[in-house]
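Please open the model in your viewer and keep the selection panel at hand. The tour below goes from stop to stop, saying what to select and what is to be found there.

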Amino acid sequence: MASHYQPVKLLDSKMVLDRAARVEKQVSPDYVRISGASALALRLMPGRFARPFDFGGINILLNYEQGCFSDCAYCGLARTRPGAYEEKSFIRVEWPLVETDLLVERMARYEDKLTRLCISMVTHGHAYRDTVDITRRIVSRVKTPLSILVAPPTLNYQRLKTFKELGVDMIGVGLDAVTESVFEQRRTNVPQGGLKWKNYWDVIHWSREIFGPWKVNCHTLVGLGESDLDLIDMFYYLKEREIFAYLFCFNPEPDSRMGNEPKPHLTRWRRIQLVKWLIEERDLPREKLEFDAEGNLVYLKWPRQKVQEAIALGVAFMTNGCPGEHGEPGCTRPYGSYRPSEPYRDYPFLPDPEDLRQITEQLQLDGFVDN
Ligand code: SF4
């Protein structure tokens, strides 16, 4: 199958990548990585998406020689994953290195096309200081709403308040694991791990207090060993607190400790996308969902016609992400949850009629919903 995303080489390599190669230390705050899709949107890299769509979400990642000091079992940047940091990928797409000032200049130039900016921190001693520096550089030139996907071990209440005072619009927390035991298994009890469930929740609750309703989001990952029941309980819990749940699909990173583990089955993934949307947008009552003894979602007591109407809208299957200024999809991270050669797990645009036909098939509705 043809690749959807075909970066060739940088338009002006002198300005971007090989310039970095001439500088001894290409680290934040003067250098950052950006997603391949962001590099395309800012014309820092030529290439195209096989299915064209407007793309305005710019994802920025702090860059350090030693990488991230956490060691999560599924992450491409994990400390004990083999390979030099420079060669590691993050959520399975290439993240080219770019000078921060050049990036800010490009964001200012293409501001009218941008929908959402995001700085992803990593666990590193300089991460907070450098995020403040980069945030200042961005907000002084660009008005597009800015999110920070935070690294909780580097933060406290006052630091979150400083982000708010600097003009940050939303806080994202990459909780990923939706239960304490899965979190411990994948993020705490790992060779160089030690991330703390409580620390993550402190940061979620502090952020909610400081930034307000629907200004905080929690990344939740399907496929780390949790049950459907665990995920669905988390969706209700977050909704009640006016915190967004954003859904991600586990996508094995080669050489990570979970590199050989399977992705969640497509039917499971689609049903979770659908039910999450019904909970959030149609107030689906909890008692309409039935689970087996292992916590697998086995039955949705909801009229088939209503389910089909929900599918036809297509929004349930789009990428979850921070909104643009007017509530439109802002951060769509193409290829965040699947390889360019695989079927879309989440769509960075509204699925078309053929996509919807495939989605309906993947959902296997017979026996799963009321007739
Ligand atoms: S959804 Fe996108 S913009 Fe929002 S916190 Fe996550 S990565 Fe950042």
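Select helix α9 (residues 266-282) together with helix α11 (residues 353-363): their axes come within 8 Å and cross at roughly 105°, and the two helices are therefore roughly perpendicular to each other. Helices here are DSSP runs of H or I of at least four residues, strands are runs of E of at least two, and both are numbered from the N terminus. The axes are lines fitted to C-alpha atoms, for helices over the stretch in contact, with angles running from 0 to 180 degrees between N-to-C directions; under 35 degrees counts as roughly parallel, over 145 as roughly antiparallel, 65 to 115 as roughly perpendicular, and the rest as oblique. Now show the side chains where the helices touch, contact meaning heavy atoms within 4.5 Å: α9 contributes L266, T267, R270, R271 and L274, and α11 contributes I359, Q362 and L363. By class, this contact has 4 nonpolar, 2 polar and 2 charged residues, where Ala, Val, Leu, Ile, Met, Phe, Trp, Tyr, Cys and Pro count as nonpolar, Asp, Glu, Lys and Arg as charged, and the others, Gly among them, as polar.

This is a predicted model, in which local features need pLDDT of at least 70 and side-chain atom pairs count only at pLDDT 80 or more, while totals for chains, interfaces and linings use all residues. For your selections, residues are numbered from 1 along each chain as its sequence is written, and side-chain values use heavy atoms, with hydrogens and water left out.

Keep α9 selected and add helix α10 (residues 304-313), which packs against α9 at an angle of about 95° with the axes 11 Å apart; this pair is therefore also described as roughly perpendicular. On the α9 side the contact is made by L274, W277, L278 and R282, and on the α10 side by V307, A310, I311 and L313. The residues of this contact divide into 7 nonpolar, no polar and 1 charged. L274 deserves a label of its own, since the contact of α9 with α11 includes L274 and the contact of α9 with α10 includes L274 as well.

Next, select D283, in the loop between α9 and β9 (289-291). D283 has a positive phi of about 50° although it is not a glycine, and at 54% relative accessibility it counts as exposed; buried means under 20% relative accessible area, exposed over 50%, and partly exposed in between (1.4 Å probe, protein chains only). Q364, in the segment after α11, also has a positive phi, of about 45°, without being a glycine, and with 44% relative accessibility Q364 counts as partly exposed. For another backbone feature, go to P29 in the loop between α1 (17-22) and β1, where the peptide bond from S28 to P29 is cis, with omega near 10°. Most residues other than glycine have a negative phi, and most peptide bonds are trans.

Move to helix α3 (residues 100-109), whose buried residues are T100, L102, L103, V104, R106 and M107. Which elements do the buried residues of α3 pack against? They pack against β1 (31-34), β2 (57-62), β3 (97-99), β4 and α4 (127-139). Within strand β2, pick out I60, which is buried at 0% relative accessibility. Leaving aside neighbours within four places in sequence, I60 is in contact with residues including V32, I34, W95, L103, M107, C118 and I138. Measuring from C-alpha to C-alpha, you will find I60 and V98 9.7 Å apart in space, with their positions 38 residues apart in sequence.

Now select the ligand and its shell, taking residues with a heavy atom within 4 Å of it: N59, R116, C118, S147, G172, N217, H219, Y246, G321, C322, C331 and R333. Strands β4 (116-120) and β7 (216-222) each supply at least two residues of this shell, which divides into 4 nonpolar, 6 polar and 2 charged residues. C322, one of the shell residues, is buried at 7% relative accessibility.

Finally, select the cysteines. The structure holds 0 disulfides, a disulfide being a pair of cysteine sulfur atoms within 2.5 Å. The sulfur of C75 is 6.2 Å from the closest cysteine sulfur, in C72, which is too far for a bond, and C75 is buried, with a relative accessible area of 18%.
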